[in-house]
Amino acid sequence: MASEVEKKAVFDIDSAKEVVQELRASFVAGKTKDYEWRRTQLKAMLKMMDENEPQIVAALRDDLSKPELESSIHEIAMLKNSCKLALKKMKHWVMPEKAKTSLATFPSSAEIVSEPLGVVLVISAWNYPLLLSLDPVIGAIAAGNAIVLKPSEISPATASLLAKLVANYMDSSCIKVVEGAVPETTALLEQKWDKIMYTGNGRIGRIVMAAAAKHLTPVVLELGGKCPVIVDSGINLQVATRRIIAGKWGCNNGQACISPDYIITTKDYAVELVDSFKCELERFYGKNPLESKDLSRVVNSNHFARLLKLLDEGKVSSKIVYGGERDKSNLKIAPTILLDVPQDSLIMNEEIFGPLLPIITIDKVEDSFDLINSGTKPLAAYMFTNNKKLKEKFVEKVSAGGLVINDTTVHLAEPTLPFGGVGDSGMGAYHGKFSFDTFSHKKAVLYRSFAGDAPLRYPPYTNGKLRLLKALLGGSILGIIRALMGWSKA
Amino acid sequence: MLSSMEKSIAELRETFKNGGTKSISWRKSQLKALLQLINQNEDSIFKALDQDLGKSPVESYRDEVGVLKKSVTYTLSCLEKWVAPKKAEVPLLFFPAKAEVMPQPLGVVLIFSSWNFPFTLALDPLIGAISAGNTVLLKPSDLAPACMSFLVETIPKYLDNKAVKVLAGGADIGERLLQLKWDKIFFTGSPRVGRLVMAAAAKHLTPVTLELGGKSPAIVDTLSTTPSKAKVTAKRIVGGKWGPCTGQACIAIDYVLVEEKLASTLIELLKKTIKRFYGENIKSLKNISRIVNKHQFQRLVNLLKDPNVADSIVYGGSVDEEKLVIEPTILLDPPLDSEIMSEEIFGPLLPIITLKNIEESIDFINSKSNPLVIYAFTEDDTFKKRILSETSSGTVTFNDSMVQFLCDSLPFGGVGQSGFGRYHGKYSFDTFSHEKSIMHRGFYPEIEPRYPPWTDFKLLFLKLAYQFDYFGLILLLLGFKRS
């Protein structure tokens, strides 16, 4: 699957080395550490988005047939907010944090200083090619790093637009975009980075981490998983259905890491739920959803074939209760709902990442927690219920990157919440200050004075010193006084 | 057919799955049991440390027993606070909504500890893992065999066997453990093995914390102040080099940087201090650990084999192969490309590198990979600021050595080749937790513009909403803004 990249010189291991060398020189020269430089870059990014919104929307339409509203809101507006937040809060984020000191190190003062890691690599994904490229870059800039951004070749129009815009608006001696596919990414991964952030799937995540291991490079992996939605009865079904639809087909037609992957509901409630979906889906996308302009397409023929394989599997195709239509030439699959697919079907054993929504039924809502926990930990889990006890159980029992109750996907827009996975859905987190932190080293600093040099630290080691040490480390003033008095006798 | 190792791990997973480690009362009971273990076995611990490393009880208390007691006590007093979810601010737009971050255990964790502080480096991470509600497999280093045996025999007597296990063995056991899937791996050791651990973890997407090492320098800029400060500096350097396990410590001072003109003063002070602390010569050596084994002994002796290096010895240099002792040794300006100046020394050899101007120490340190600690003895505030902003290390300690280890509120960990991740105090709890984001929403009010079919009005509404332009939103809704 070669990408349609403009014919440039081949980007190989030597090119990658050169890029890193150049960025390291810039970093060492202190360019990116400079506070004003960081502000200028973030402002330039804002300007870049303000002045190029139509081009960005067009590129996203090219790559994904993304509706203008999704591009404007989920990509551009989110990024602008992220940028503005960093600009507003950076002066607080860069300040050292005071740390408490205890009797054991008295007299002393301590603080934690944030410093940039150095030269970082951001590898982003194709489904939100602008957001997942620039949001990490915002954090990396705010933290004072030099950056290489490797956008996904599966969204080539956005990748080359990014390369062009970043070169025009931002400081190329410190921030570079490298386009390409597997060979270019491999060349980049051979280099020594101070941090790598990867957004994508678990298979490549393993490759990235293994490459990072050679250089002891810390990584953030934003992966995926099967994000379940538990639907209880006794709720406002219309609102719940709409929110699930918004999170599923409203997010790049289900091609989002936090899209609802499948639904779990009770056998009793399933029919009502399916009816509600049918009603709302038609209201949103019309009778011929294949023709709706408000749905992204499937990104390419590989994924199209992959999704059809899930849909057309014998034991699954008979379970379709809504949708199932496909248009190969336009890479479109209609919003499709399936009811009670077998647990061992393909569709229930890989992340769907598309417009197919299986509904699994169980006897009691409580059974859903064990069902979810029997699989790998997802990036997000959702539950619609008004039952306080169930909410508490859900929060306590289900392990996922993030949870939302009575909605889907909105936690992504909340910068005070760390956004990241756990287990197979990833490691590390970002958004808001967490982005700044993830690209920083938090350096511990202890200031000591020359006064108060306790002889008990040093040899010759005596029993008296042992007594005093015990008291000092035990932190009790009385103990120390007693030991001191005892020691002065010894 | 599961091996006994796999059975053990299956049991740990089962215990975790059944919620055996979740309750705060379980965690507290384990921590209290650990404290009891330490209190009731102090003498055995001293004996094991003496056997493996020749540590004196005072050094053992200061660096191992006391540190652990302090750590458990601190954790017990803070646990309820740490476990509580933290509220996160939610903007008006999401009203009514509640957001919080809740720490959760990762699951089954693997801890590899090192031989130089065989108790601290095994049990301090264990404290973090238990406090965060995980089940644990602890693999102590077999290079400190008496300590390892002690842990294998004693931990099952005090802690919950279904949740905390200790496995004896060498590198082969370590390799087998790394093939399995863990929810976290915590490793203390060398960068070489750190790479292997991380590569193995990558196969299972297991997050890791690597506490490695490096060449931790001491910059000395205070000798020209008062004599008493100079004396204290010397004591703290000596204490920071030979005090911890005779230099076999990741945070021991590896080498010293000082201005040429002060080098001889420094060396004289160091000599005096060494004699006072440790004795006049190798025959009368006391209050100091020994080298852990023949392999390390040979490695250190080999560092001195280079004739240019041997020539630079200005104090010490004697070795006793039978007792595995190398006396405190000072070298003055060994060649910068010698192995002793490119590898982490991890032993009782102290190179002193002279510079024309102490400010050059910054470039010198930056020419090497990021150390775990930079020690700087200076009272010049401008210089301090330069060191902080122009060098990178896990920690910086001004005017002392080693004591940052005792500070529970400071994160302890490396950067670059000295490692990543951190622990101590709450950082231990955090390193073994997943911070789960939780957002609670109400069904009302509903924001229609969230849903298709898309219109220009909805687009404008959402744009204003995302800018948190509440006034603009009101205008739009009242019809005063055109889409």
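Good morning. I begin with contacts in chain A: among those joining residues at least 6 apart in sequence, 70% link residues at least 24 apart. Please keep in mind that this is a predicted model.

Let me continue with chain A as a whole. Its secondary structure amounts to 17 helices and 18 strands. The C-alpha trace spans about 90 × 60 × 35 Å along its principal axes. Chain A has 490 residues, and 63% of them count as buried. The area that chain A exposes is about 18200 Å², of which carbon and sulfur atoms supply 56%. As for charge, chain A carries 61 positive and 55 negative charges, and the mean positions of the two sets are 9 Å apart.

I turn now to the annotation. An unreviewed UniProt entry gives "domain: Aldehyde dehydrogenase" for residues 15-445 of chain A. In the model, that stretch of chain A is 43% helix and 18% strand, and its end C-alpha atoms are separated by 38 Å. For chain B, the UniProt annotation "domain: Aldehyde dehydrogenase", again from an unreviewed entry, covers residues 6-438. This span of chain B is 44% helix and 18% strand, with its end C-alpha atoms 34 Å apart.

Next, a single helix. Which residues of helix α18 in chain B are buried? Within α18, which runs over residues 470-477, they are B:Gly472, B:Leu473 and B:Leu476. These residues lie on the same side of α18(B), because they cover an arc of only 100° around the axis. The general principle is that an α-helix has 3.6 residues a turn, so residues three or four places apart point the same way. And what do the buried residues of α18(B) pack against? Their partner is α17 of chain B, residues 456-466. After α18(B) comes B:Gly479, which has a positive phi, near 90°.

My last example is a proline in chain A. A:Pro335 sits in the loop between β12, residues 332-333, and β13, residues 336-339. Is A:Pro335 buried or exposed? A:Pro335 counts as buried because its relative accessibility is 1%, and the cut-off for buried is under 20%. Setting aside neighbours within four places in sequence, A:Pro335 touches several residues, among them A:Trp249, A:Leu281, A:Tyr285, A:Tyr322 and A:Pro355. Glycines also appear in that list, including A:Gly323 and A:Gly324. By contrast, A:His92 lies 243 residues away from A:Pro335 along the chain, and their C-alpha atoms are separated by 45 Å.

Thank you for your attention.

Key. Residues numbered from 1 in each chain as written. Chains lettered and ligands numbered in written order. Predicted model: local features only at pLDDT ≥ 70, side-chain atom pairs only at ≥ 80, totals over all residues. Heavy atoms only, no water. Helix = DSSP H or I, 4+ residues; strand = E, 2+ residues; numbered from the N terminus. Buried < 20%, exposed > 50% of the residue type's maximum accessible area, 1.4 Å probe, protein only. Contact = heavy atoms within 4.5 Å. Areas by Shrake-Rupley, 256 points an atom, 1.4 Å probe, with all protein chains shown as cover. Lys, Arg positive; Asp, Glu negative; His and termini not counted. Charge placed at Lys NZ, Arg CZ, Asp CG, Glu CD. UniProt positions renumbered as here; feature names shortened; annotations may be inferred. Arc of directions from axis to C-beta.
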